[in-house]
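Here's a quick look around a protein model for anyone meeting it for the first time. Let's start inside and work outward from there.

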Amino acid sequence: MTRAAPLLTPVPGLAARLRGLAVFAPYVAGGGRLGEYERWLGRPVRGVVDNADEMHGWEEMVQSVTFLARSYAGKPAHPILGVPMLVAGERGSLARGAAGDYDPWMQRVAQLLVQQGLGDCTIRLGWEFNGSWMPWFAGNDPRAFQRYWRRTVDLFRRHSADFRFDWCPTLGHKDMVTEAAWPGADHVDVIGADVYNEWWNPRSRDDLDARWHDEYLWTRFGLQWHIGFARDTGKKISFPEWGTRPLSAHGGHGGGDDPHFIMRMAAWFDAAEDMLAYHAYFERIDVALKGDAYPQSAATFRRLFGA
């Protein structure tokens, strides 16, 4: 099987956090947004993450991929695209996907991407599959998830051997045993983790060091599990979505304006060194740093990731 080129070409002399610098979705809100973001940051990004529509029907999902492909085609930043395995607007199941019922839709997505010159992009297939809020939650049928994943990867690779695939759970979630959905090393290129600044252990509310250790580093399926599982399977790691959250998030469990979280994440990226494929701050909605919501976090981010 032909393997794709590295996700991001290594740049000698740059810290890992800068070699893998990406951002989540500045294009889709309007033309020229990526340039605005890069001027704010003081540095070009090397990758852009975005997700296709999973909230409506299959046709709407394909149309959203068409929009994203046209938005990112010809841009210097490497595109990392979330592709749903099921859609919320229609009845479906992982078992049906494993049986090939959704192959025509996946075929159209693969063809669209190749036609737009994105046959070497990274596909974040069925992201956050270990969270029960996703239509394709793998905990309901992990073996069907595995089969459906492998079937879809094989389908995409028939259109282009240069597609890469990011198997991306959400960090630390306990809705299922994350490894139960592992489709095998031959069908995964990168192991991702989405990380948002929230606390659930009462001692993590005000003790930021405790928050880092309890909520991120040593929690079940946390950062230590993530990097260890990647080492065991011979894969690189990624963080396709990461960011702080407003204090009001999830009934008052958000991290708020927390430069400590930004510094800890930057240090973790650097510590990962050659294992880090990319990371992307979620620069949208109530997580965005470009604006007035998180002035201390924004200043720290620009100092660590900017010019």
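## A look inside

Phe305 touches Arg17, Leu18, Leu21, Leu41, Arg43, Trp242, Ile262, Ala266, Phe269 and His279, leaving aside residues up to four places away in sequence; contact here means heavy atoms within 4.5 Å. This is a predicted model, where local features need pLDDT of at least 70 and side-chain atom pairs count only at pLDDT 80 or more, while totals for chains, interfaces and linings use all residues. Residues are numbered from 1 along each chain as its sequence is written, and side-chain values use heavy atoms, with hydrogens and water left out.

Phe305 is also among the members that touch the most others in the largest nonpolar core, which has 101 residues. Such a core is a set of buried Ala, Val, Leu, Ile, Met, Phe, Trp, Tyr and Cys residues joined through side-chain atoms within 4.5 Å, and buried means under 20% relative accessible area with a 1.4 Å probe, protein chains only.

Now for helix 3, a DSSP run of H or I with at least four residues, numbered from the N terminus. Its buried residues include Trp58, Met61 and Tyr72. Gly74, with a positive phi near 80°, follows helix 3.

The buried residues of helix 3 pack against these elements:

| Partner | Residues |
|---|---|
| strand 2 | 47–51 |
| strand 3 | 78–83 |
| helix 5 | 103–115 |
| helix 6 | 142–159 |

Strands are DSSP runs of E with at least two residues.

Terms used: Buried means under 20% relative accessible area, exposed over 50%, partly exposed in between (1.4 Å probe, protein chains only).
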